[in-house]
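Biologist: I would like a close look at one pocket, and then at the parts of the fold that can be described in the same detail.

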Amino acid sequence: MQEQMEAVARMQDYIKNHIQEEITLADLARVSLFSPWYSHRLFTQYTQKTPADYIRRLRLSKSALKLRDEDCKIADIAFEFGFGSVDGYQRAFSREFGCNPREYALHPVPLYLFTPYKVELPQTERSNDTMETLQNIFIQVIEKPKRKVIIKRGIKATDYFAYCEEVGCDVWGLLTSIKSISGEPVCLWLPKSYIKAGTSEYVQGVEVADNYDAEIPDGFELIELPAAKYLMFQGEPFAEEDYGKAIEQVWAAIKKYNPSVLGLTWDESNPRIQLEPIGTRGYIELVAVKPME
(Lines give C-alpha, C1' and ligand atoms only; values in the text may rest on other atoms or scores of the structure.)
Protein backbone atom coordinates (compact mmCIF):
# COMPACT_ATOMS: atom_id res chain seq x y z
CA MET A 1 0.00 0.00 0.00
CA GLN A 2 2.80 2.44 0.82
CA GLU A 3 4.38 1.98 -2.58
CA GLN A 4 1.03 2.58 -4.27
CA MET A 5 0.29 5.75 -2.28
CA GLU A 6 3.76 7.11 -2.95
CA ALA A 7 3.16 6.56 -6.66
CA VAL A 8 -0.13 8.50 -6.54
CA ALA A 9 1.51 11.32 -4.57
CA ARG A 10 4.21 11.59 -7.24
CA MET A 11 1.55 11.81 -9.94
CA GLN A 12 -0.24 14.56 -7.99
CA ASP A 13 3.02 16.49 -7.67
CA TYR A 14 3.67 16.14 -11.40
CA ILE A 15 0.20 17.45 -12.24
CA LYS A 16 0.62 20.39 -9.86
CA ASN A 17 3.98 21.35 -11.37
CA HIS A 18 2.90 20.96 -15.02
CA ILE A 19 -0.73 22.10 -14.86
CA GLN A 20 -0.29 24.57 -17.75
CA GLU A 21 1.38 21.98 -19.96
CA GLU A 22 0.07 18.96 -21.81
CA ILE A 23 -0.09 16.04 -19.39
CA THR A 24 -0.46 12.53 -20.78
CA LEU A 25 -1.06 9.21 -19.08
CA ALA A 26 2.40 8.24 -20.28
CA ASP A 27 3.83 11.17 -18.31
CA LEU A 28 2.02 10.04 -15.16
CA ALA A 29 3.09 6.45 -15.68
CA ARG A 30 6.70 7.55 -15.98
CA VAL A 31 6.68 9.34 -12.62
CA SER A 32 4.58 6.65 -10.90
CA LEU A 33 6.96 3.88 -12.04
CA PHE A 34 3.98 1.71 -12.99
CA SER A 35 2.30 0.91 -16.30
CA PRO A 36 -0.16 3.46 -17.77
CA TRP A 37 -3.10 1.14 -17.10
CA TYR A 38 -2.12 0.48 -13.49
CA SER A 39 -1.24 4.14 -12.90
CA HIS A 40 -4.72 5.17 -14.05
CA ARG A 41 -6.34 2.60 -11.75
CA LEU A 42 -4.25 3.62 -8.73
CA PHE A 43 -4.88 7.33 -9.25
CA THR A 44 -8.63 6.82 -9.55
CA GLN A 45 -8.70 4.53 -6.51
CA TYR A 46 -6.90 6.93 -4.17
CA THR A 47 -8.22 10.30 -5.39
CA GLN A 48 -11.73 9.16 -6.39
CA LYS A 49 -11.22 10.93 -9.73
CA THR A 50 -9.75 9.87 -13.04
CA PRO A 51 -6.52 11.69 -13.98
CA ALA A 52 -8.38 13.52 -16.76
CA ASP A 53 -11.15 14.76 -14.44
CA TYR A 54 -8.63 15.73 -11.75
CA ILE A 55 -6.54 17.73 -14.25
CA ARG A 56 -9.61 19.38 -15.83
CA ARG A 57 -11.07 20.50 -12.50
CA LEU A 58 -7.71 21.80 -11.25
CA ARG A 59 -7.16 23.77 -14.46
CA LEU A 60 -10.62 25.31 -14.27
CA SER A 61 -10.11 26.33 -10.64
CA LYS A 62 -6.70 27.85 -11.37
CA SER A 63 -8.20 29.73 -14.32
CA ALA A 64 -11.01 31.09 -12.13
CA LEU A 65 -8.50 32.62 -9.71
CA LYS A 66 -6.67 34.24 -12.60
CA LEU A 67 -9.93 35.66 -13.97
CA ARG A 68 -10.71 37.02 -10.50
CA ASP A 69 -7.35 38.69 -9.94
CA GLU A 70 -6.08 39.72 -13.38
CA ASP A 71 -7.38 41.58 -16.41
CA CYS A 72 -7.07 38.76 -18.94
CA LYS A 73 -8.71 37.82 -22.19
CA ILE A 74 -10.87 34.70 -22.03
CA ALA A 75 -9.06 33.29 -25.06
CA ASP A 76 -5.66 33.73 -23.44
CA ILE A 77 -6.85 31.95 -20.29
CA ALA A 78 -8.38 29.11 -22.31
CA PHE A 79 -5.21 28.34 -24.22
CA GLU A 80 -2.92 28.97 -21.26
CA PHE A 81 -4.67 26.21 -19.33
CA GLY A 82 -4.66 23.69 -22.17
CA PHE A 83 -8.18 24.00 -23.59
CA GLY A 84 -8.38 23.47 -27.33
CA SER A 85 -10.88 26.24 -27.98
CA VAL A 86 -12.53 29.19 -26.29
CA ASP A 87 -15.94 27.58 -26.72
CA GLY A 88 -14.72 24.38 -25.11
CA TYR A 89 -13.30 26.32 -22.17
CA GLN A 90 -16.50 28.33 -21.70
CA ARG A 91 -18.64 25.18 -21.75
CA ALA A 92 -16.36 23.42 -19.27
CA PHE A 93 -16.28 26.47 -16.97
CA SER A 94 -20.07 26.78 -17.05
CA ARG A 95 -20.56 23.07 -16.31
CA GLU A 96 -18.13 23.23 -13.40
CA PHE A 97 -19.22 26.48 -11.77
CA GLY A 98 -22.66 27.28 -13.20
CA CYS A 99 -21.64 30.62 -14.69
CA ASN A 100 -19.94 31.95 -17.81
CA PRO A 101 -16.23 32.84 -17.41
CA ARG A 102 -16.75 36.26 -18.99
CA GLU A 103 -19.54 37.08 -16.56
CA TYR A 104 -17.46 35.77 -13.68
CA ALA A 105 -14.47 37.93 -14.66
CA LEU A 106 -16.69 41.04 -14.59
CA HIS A 107 -18.51 40.12 -11.35
CA PRO A 108 -16.67 37.44 -9.34
CA VAL A 109 -18.93 35.43 -7.05
CA PRO A 110 -17.98 32.69 -4.56
CA LEU A 111 -17.29 29.41 -6.35
CA TYR A 112 -16.62 25.91 -5.07
CA LEU A 113 -13.10 25.58 -6.43
CA PHE A 114 -11.50 22.17 -6.68
CA THR A 115 -9.03 21.77 -3.82
CA PRO A 116 -6.98 18.59 -4.29
CA TYR A 117 -5.75 16.83 -1.16
CA LYS A 118 -2.50 14.99 -1.47
CA VAL A 119 -2.57 11.26 -0.81
CA GLU A 120 -0.75 10.65 2.47
CA LEU A 121 0.88 7.59 3.93
CA PRO A 122 -1.07 5.97 6.78
CA GLN A 123 1.72 6.22 9.31
CA THR A 124 1.82 10.03 9.02
CA GLU A 125 -1.92 10.65 9.21
CA ARG A 126 -2.95 12.51 12.38
CA SER A 127 0.37 11.67 13.95
CA ASN A 128 0.78 11.95 17.72
CA ASP A 129 4.55 11.53 17.57
CA THR A 130 6.72 14.34 18.89
CA MET A 131 9.35 15.93 16.70
CA GLU A 132 12.51 13.85 16.71
CA THR A 133 14.78 16.87 16.48
CA LEU A 134 14.46 20.35 17.88
CA GLN A 135 13.28 22.88 15.29
CA ASN A 136 13.27 26.67 15.35
CA ILE A 137 10.02 28.57 15.86
CA PHE A 138 9.95 32.15 14.59
CA ILE A 139 7.76 34.63 16.48
CA GLN A 140 6.60 37.98 15.12
CA VAL A 141 4.18 40.62 16.38
CA ILE A 142 1.64 41.61 13.73
CA GLU A 143 -1.37 43.92 13.64
CA LYS A 144 -4.74 42.81 12.27
CA PRO A 145 -7.11 45.61 11.14
CA LYS A 146 -10.79 45.82 11.95
CA ARG A 147 -12.35 43.41 9.51
CA LYS A 148 -15.16 41.01 8.71
CA VAL A 149 -14.87 37.26 8.29
CA ILE A 150 -17.13 35.08 6.16
CA ILE A 151 -17.39 31.83 8.11
CA LYS A 152 -19.03 28.43 7.90
CA ARG A 153 -19.90 27.03 11.32
CA GLY A 154 -19.65 23.39 12.26
CA ILE A 155 -21.51 21.57 15.03
CA LYS A 156 -19.05 20.42 17.70
CA ALA A 157 -15.72 20.55 15.89
CA THR A 158 -12.60 21.63 17.76
CA ASP A 159 -10.09 20.80 15.00
CA TYR A 160 -9.73 20.43 11.24
CA PHE A 161 -10.51 16.73 10.99
CA ALA A 162 -13.71 16.93 13.05
CA TYR A 163 -14.76 20.01 11.06
CA CYS A 164 -14.34 18.21 7.74
CA GLU A 165 -16.38 15.28 9.05
CA GLU A 166 -19.20 17.67 10.03
CA VAL A 167 -19.10 20.18 7.18
CA GLY A 168 -17.11 18.53 4.40
CA CYS A 169 -13.80 19.50 2.85
CA ASP A 170 -15.26 21.49 -0.08
CA VAL A 171 -15.63 24.61 2.07
CA TRP A 172 -11.95 25.49 1.59
CA GLY A 173 -12.33 25.59 -2.18
CA LEU A 174 -15.20 28.07 -1.97
CA LEU A 175 -13.34 30.25 0.55
CA THR A 176 -10.30 30.29 -1.74
CA SER A 177 -12.46 31.78 -4.50
CA ILE A 178 -13.23 34.83 -2.31
CA LYS A 179 -10.54 37.50 -2.41
CA SER A 180 -9.11 37.88 1.10
CA ILE A 181 -7.37 40.84 2.68
CA SER A 182 -4.88 38.35 4.15
CA GLY A 183 -4.29 36.54 0.85
CA GLU A 184 -5.75 33.17 1.85
CA PRO A 185 -8.56 31.54 3.84
CA VAL A 186 -8.13 30.94 7.57
CA CYS A 187 -9.24 28.50 10.24
CA LEU A 188 -10.41 30.02 13.52
CA TRP A 189 -10.91 28.88 17.09
CA LEU A 190 -13.67 31.26 18.11
CA PRO A 191 -13.93 32.80 21.59
CA LYS A 192 -17.11 31.92 23.50
CA SER A 193 -18.71 35.27 22.66
CA TYR A 194 -18.66 34.39 18.94
CA ILE A 195 -20.01 30.83 19.26
CA LYS A 196 -23.72 30.35 18.68
CA ALA A 197 -25.64 27.67 20.58
CA GLY A 198 -25.27 24.30 18.90
CA THR A 199 -22.31 25.36 16.75
CA SER A 200 -18.59 24.65 16.82
CA GLU A 201 -15.63 26.47 18.29
CA TYR A 202 -13.56 25.65 15.17
CA VAL A 203 -14.65 27.24 11.87
CA GLN A 204 -13.19 28.03 8.48
CA GLY A 205 -13.51 31.45 6.90
CA VAL A 206 -12.03 34.24 4.83
CA GLU A 207 -11.06 37.69 6.11
CA VAL A 208 -12.53 40.56 4.08
CA ALA A 209 -12.53 44.34 4.42
CA ASP A 210 -14.59 46.01 7.11
CA ASN A 211 -16.82 47.59 4.43
CA TYR A 212 -17.45 44.30 2.60
CA ASP A 213 -21.01 44.16 1.28
CA ALA A 214 -20.85 41.60 -1.54
CA GLU A 215 -22.57 38.23 -1.77
CA ILE A 216 -22.42 35.78 1.15
CA PRO A 217 -22.71 32.12 0.08
CA ASP A 218 -25.68 30.12 1.35
CA GLY A 219 -24.97 28.52 4.71
CA PHE A 220 -22.24 31.05 5.55
CA GLU A 221 -22.40 34.16 7.70
CA LEU A 222 -20.48 37.35 8.34
CA ILE A 223 -18.90 38.17 11.69
CA GLU A 224 -17.04 41.34 12.63
CA LEU A 225 -13.65 41.33 14.33
CA PRO A 226 -11.94 44.35 15.90
CA ALA A 227 -8.42 45.50 15.20
CA ALA A 228 -6.09 43.31 17.25
CA LYS A 229 -2.47 42.49 17.90
CA TYR A 230 -1.27 38.93 17.28
CA LEU A 231 1.83 36.85 17.86
CA MET A 232 2.56 34.84 14.74
CA PHE A 233 4.28 31.51 15.43
CA GLN A 234 5.93 30.00 12.35
CA GLY A 235 7.77 26.69 12.26
CA GLU A 236 10.50 25.69 9.84
CA PRO A 237 9.66 24.26 6.41
CA PHE A 238 8.68 20.60 6.58
CA ALA A 239 8.06 17.61 4.33
CA GLU A 240 4.35 17.50 3.49
CA GLU A 241 3.94 14.06 5.05
CA ASP A 242 5.23 15.46 8.37
CA TYR A 243 2.51 18.09 8.74
CA GLY A 244 1.22 16.51 11.96
CA LYS A 245 4.58 16.80 13.66
CA ALA A 246 5.03 20.36 12.39
CA ILE A 247 1.69 21.40 13.90
CA GLU A 248 2.45 19.75 17.23
CA GLN A 249 5.79 21.48 17.49
CA VAL A 250 4.24 24.93 17.02
CA TRP A 251 1.53 24.06 19.55
CA ALA A 252 4.20 23.09 22.07
CA ALA A 253 6.02 26.39 21.48
CA ILE A 254 2.82 28.39 21.98
CA LYS A 255 2.06 26.53 25.20
CA LYS A 256 5.51 27.29 26.62
CA TYR A 257 5.80 30.89 25.42
CA ASN A 258 5.35 33.70 27.92
CA PRO A 259 4.23 36.92 26.12
CA SER A 260 5.03 39.02 29.19
CA VAL A 261 8.62 39.29 27.91
CA LEU A 262 7.14 41.67 25.30
CA GLY A 263 4.89 43.43 27.79
CA LEU A 264 1.90 41.49 26.47
CA THR A 265 -0.62 38.94 27.72
CA TRP A 266 -2.91 36.52 25.87
CA ASP A 267 -6.13 38.07 24.53
CA GLU A 268 -8.87 35.45 24.75
CA SER A 269 -11.50 37.80 23.35
CA ASN A 270 -10.14 37.39 19.82
CA PRO A 271 -9.97 34.14 17.81
CA ARG A 272 -6.87 32.04 17.44
CA ILE A 273 -5.99 31.68 13.75
CA GLN A 274 -4.60 28.69 11.88
CA LEU A 275 -3.23 28.95 8.33
CA GLU A 276 -3.13 26.08 5.89
CA PRO A 277 -0.11 23.85 6.62
CA ILE A 278 2.20 24.37 3.62
CA GLY A 279 5.54 22.61 3.88
CA THR A 280 7.57 25.17 1.96
CA ARG A 281 6.78 27.98 4.41
CA GLY A 282 6.34 26.09 7.69
CA TYR A 283 3.24 25.75 9.82
CA ILE A 284 1.75 29.06 11.05
CA GLU A 285 -0.63 29.98 13.85
CA LEU A 286 -1.57 33.41 15.19
CA VAL A 287 -2.55 33.97 18.82
CA ALA A 288 -4.13 37.26 19.92
CA VAL A 289 -2.35 39.34 22.56
CA LYS A 290 -2.95 42.64 24.35
CA PRO A 291 -0.85 44.99 26.49
CA MET A 292 -0.38 43.98 30.11
CA GLU A 293 -2.37 46.08 32.56
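How many nonpolar, polar and charged residues are there in the lining of the second largest pocket?

Modeller: The lining of the second largest pocket divides into nine nonpolar residues, one polar residue and five charged residues. Here Ala, Val, Leu, Ile, Met, Phe, Trp, Tyr, Cys and Pro count as nonpolar, Asp, Glu, Lys and Arg as charged, and the others, Gly among them, as polar. The model is predicted, with local features needing pLDDT of at least 70 and side-chain atom pairs 80 or more, while totals for chains, interfaces and linings use all residues. Residues are numbered from 1 along each chain as its sequence is written, and side-chain values use heavy atoms, without hydrogens or water.

The pocket holds about 280 Å³ of space. Its lining has 15 residues, and those nearest its centre are Asp267, Glu268, Asn270, Arg272 and Val287. A pocket is an open set of points on a 1 Å grid where a 1.4 Å probe fits, with protein on both sides within 12 Å along at least five of seven lines, and lining residues have an atom within 4 Å of a point. Its volume is the space filled by probe spheres set on the points.

Now the helices. Helix H1 covers residues 2–17 and helix H3 residues 36–47; their axes come within 9 Å and cross at roughly 90°. Helices (at least four residues) and strands (at least two) are DSSP runs; axes are fitted to C-alpha atoms, with angles from 0 to 180 degrees. H1 and H3 are therefore roughly perpendicular to each other, a label for 65 to 115 degrees. On the H1 side the contact (heavy atoms within 4.5 Å) is made by Gln4, Met5, Val8, Met11, Gln12 and Ile15, which meet Tyr38, Ser39, Leu42, Phe43, Tyr46 and Thr47 in H3. Eight residues of this contact are nonpolar, four are polar and none is charged.

H3 also packs against H2, at an angle of about 85° with the axes 9 Å apart. H2 and H3 are therefore roughly perpendicular to each other as well. H2 supplies Leu25, Leu28, Ala29 and Ser32 to the contact, and H3 supplies Pro36, Ser39 and His40. By class, this contact has four nonpolar residues, three polar ones and no charged ones. Ser39 of H3 thus appears in the contact with H1 and in the contact with H2.

H2 has four buried residues (under 20% relative accessible area), namely Asp27, Leu28, Ala29 and Ser32. They pack against H1, H3 and H4. Just after H2, Leu33 takes a positive phi of about 70°. Leu33 is not a glycine, and its place is the loop between helix H2 (25–32) and H3. Most residues other than glycine have a negative phi. Leu33 has 66% relative accessibility and so counts as exposed (over 50%). The loop that follows H3, between it and helix H4 (51–69), holds Gln48. Gln48 also has a positive phi, of about 65°, and is not a glycine. With a relative accessible area of 63%, Gln48 is exposed.

H4 packs on helix H6 (residues 86–97) at an angle of about 95°, with the axes 10 Å apart. That makes H4 roughly perpendicular to H6. Arg56, Arg57, Leu60, Ser61, Ser63, Ala64 and Leu67 of H4 meet Tyr89, Ala92, Phe93, Glu96 and Phe97 of H6. The contact divides into seven nonpolar, two polar and three charged residues. Ser63, in helix H4, is buried at 0% relative accessibility. Not counting residues up to four places away in sequence, Ser63 touches Ile77, Phe81, Tyr89 and Phe93.

Last, two residues in the strand region. Val208 lies in strand S4 and is buried, at 1% relative accessibility. Apart from neighbours within four places in sequence, Val208 is in contact with Arg147, Lys148, Ile150, Ile178, Lys179, Ile181 and Leu222. The C-alpha atoms of Val208 and Gln2 are separated by 41 Å, with their positions 206 residues apart along the chain. Ile216 is found in the loop between strand S4 (202–209) and strand S5 (221–225). Ile216 has 26% relative accessibility and counts as partly exposed, between the two cut-offs for buried and exposed. Its contacts, again leaving aside neighbours within four places, are Ile150, Glu221 and Leu222. Ile216 and Val109 are 107 residues apart in sequence and 8.9 Å apart in space, C-alpha to C-alpha. Ile150 and Leu222 are listed for Val208 and again for Ile216.

Notes:
Angles under 35 degrees count as roughly parallel, over 145 as roughly antiparallel, 65 to 115 as roughly perpendicular and the rest as oblique. Buried means under 20% relative accessible area, exposed over 50%, partly exposed in between (1.4 Å probe, protein chains only).
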